[in-house]
Structure formats: structure tokens, C-alpha cells
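Visitor: Got a minute to walk me through this one? Please keep it quick.

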Amino acid sequence: MTVLRIRPWAVTDESLILSWANDQQTRKNSLKPNSIKKSVHKTWFLSILKNPKIHQGFLCVNSKKNKLGIVRFSQKTSDKMVWEIHFTLAPGSRGKGLARPMIQQAIAVFKRKNPKISLLAKVKTSNLRSLHVLKTLGFQKMKKKRRLLCLRLKRTKKINIRRPLKPQRPLRAS
Ligand SMILES: CC(C)(COP(=O)(O)OP(=O)(O)OC[C@H]1O[C@@H](n2cnc3c(N)ncnc32)[C@H](O)[C@@H]1OP(=O)(O)O)[C@@H](O)C(=O)NCCC(=O)NCCS
């Protein structure tokens, strides 16, 4: 079984994260479908690293330190008590049920430092996998705008993980 760990992302992770962000499936599921330019991503990534009070990014790794995915939290400008969550698995790590334990553990880490924050996810209605995972984690549908669903995890909802999580179903070969 793969043991997942969550650590803050670092500047050395930037180019790999860009490659995941520019993967075809990620762009299709994103609100902005165009591919991201290298220079634009670097500037954005560095600005995020410098602003932990409003952006926090985490990398998910396995026990061999292979990089599996990311979870990012960004404060909403309209309401400082609400942060938006974003997540992506590396293309080779998809289809194995890793998103749920990765997100669950990242939320637990985030909530330890930010216990009063509510989380918001914006997901395309076509992204059934993400919707399924978020709902099973306790996110509830708030509103639907055209092809976009807003889901919210109330701050009182507890996701309390004390030890590294294992995926909830056996890994399949990718
Ligand atoms: C979306 C993403 C995070 C899902 O990751 P994953 O853990 O590999 O997803 P899986 O294929 O294992 O499926 C996750 C769950 O969705 C379920 N699922 C799969 N297809 C489904 C469908 N068509 N309808 C409903 N549920 C579905 C699976 O059965 C599984 O649920 P279970 O664990 O309860 O059995 C991953 O594919 C990814 O990174 N995609 C690109 C980036 C992205 O879309 N990010 C999210 C933007 S909001």
C-alpha cells in the first residue's frame, strides 16, 4: 500500500507542477482552458510562495518521495474566512483513488493552522471524479452557475487525520 505524505511545496517543484497544470486533462477541467506559459507560471508560483498568508500550496509524495499531486489553498478576496481549494494529481497517478486521501490529508494539515476557515471548491459539472471525491469528503453543493458547481466544506466539518493515510482501495497499474 502507498503511504501518502503532505509537505509544503517549494520553488524546486515549480516546473513539474507546471507540466501537470498543462496536461490536457487538467486544462480541460480548468476554468481557463488555455495552456500556461512558462514565464507566467514561474512569476505566479514565486508570488504564491511569498504570500503564505493568502496562498498555501502542498505537494503529495509517497514513501519513496515520488511526487504524486498538489493541493493549493487560496484566500478569497471577497471573504477572508473562505479559502478556495485546487488540486491535481500527476497524470501517471490518476485512476488509483489517490485524490481523496491526498485532499483529505492536505485539508487536515491546512486546518491545523487555519481552524476557522471554510473551504470552497469550484468544479465543472463535467468533472465527475472531482465532484464525487469532494462530496465524499463532506463538501456540499452551494450553487450552480452554467457548467460550474460551487461546493463548500463548512469550517465546523472535521477532517482529522493524525497519521499518514493510505489510499482507500488497492492500487491498479496505471
Ligand atoms: C480529478 C482527479 C483529481 C481525480 O483523481 P483520482 O483519485 O485519480 O480519481 P479516480 O479515477 O480514482 O476516481 C475517484 C472517484 O471518482 C469515482 N468516479 C470515477 N468516474 C466517475 C464518474 N464518471 N462518475 C462518478 N464518479 C466517478 C471513482 O469511482 C472514485 O470513487 P471511489 O474511490 O469512491 O470508488 C484527477 O483525475 C486529476 O488530477 N485530474 C486533472 C486535474 C483536475 O481535474 N483537478 C480538479 C479540478 S476541480
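Guide: Here is a short tour of the fold, the core and the ligand site.

Guide: This is a predicted model: local features need pLDDT of at least 70, side-chain atom pairs count only at pLDDT 80 or more, and totals for chains, interfaces and linings use all residues. Residues are numbered from 1 along each chain as its sequence is written.

Visitor: How many helices and strands does the protein chain have?

Guide: Five helices and seven strands. Both are DSSP runs numbered from the N terminus: helices are H or I with at least four residues, strands are E with at least two. From the N terminus on, the order is β-α-α-α-β-β-β-α-β-α-β-β.

Visitor: And in what order do the strands sit in the sheet?

Guide: The seven strands run S1-S2-S3-S4-S5-S7-S6 in an open sheet with mixed pairing. Two strands pair if DSSP finds at least two bridges between them.

Visitor: Which strands are at the edges?

Guide: S1 (5-8) and S6 (140-145); each pairs on one side only. From one strand to the next, the twist averages 30°. That uses axes fitted to C-alpha atoms, with angles from 0 to 180 degrees between N-to-C directions.

Visitor: In which sense do S5 and S7 pair?

Guide: Antiparallel, over six bridges, with S5 at residues 118-124 and S7 at 148-153. Lysine 122 has cysteine 150 in S7 as its bridge partner.

Visitor: Switching to the core. Which residues touch the most other members?

Guide: Phe58, Cys60, Val71, Met102, Ile103 and Ala106, out of 31 residues in the largest nonpolar core. Such a core is a set of buried Ala, Val, Leu, Ile, Met, Phe, Trp, Tyr and Cys residues joined through C-beta atoms within 7 Å. Buried means 20 or more other C-beta atoms within 10 Å of the residue's own, with C-beta atoms placed from the backbone.

Visitor: Which element gives the most to this core?

Guide: H4, with six residues.

Visitor: What does alanine 106 touch?

Guide: Ile6, Phe58 and Val71, not counting residues up to four places away in sequence. Contact means C-beta atoms, placed from the backbone, within 7 Å.

Visitor: Now the ligand. Which residues are closest?

Guide: Asn29, Leu89, Ala99, Leu128 and His132, among 20 that surround the ligand. A residue is near if its C-beta atom, placed from the backbone, lies within 6 Å.

Visitor: Which element supplies the most there?

Guide: H5, with five residues of the shell around the ligand. Helix H2 (24-29) and S4 each supply at least two.

Conventions. Buried ≥ 20, exposed ≤ 12 C-beta atoms within 10 Å, placed from the backbone. Contact = placed C-beta atoms within 7 Å.
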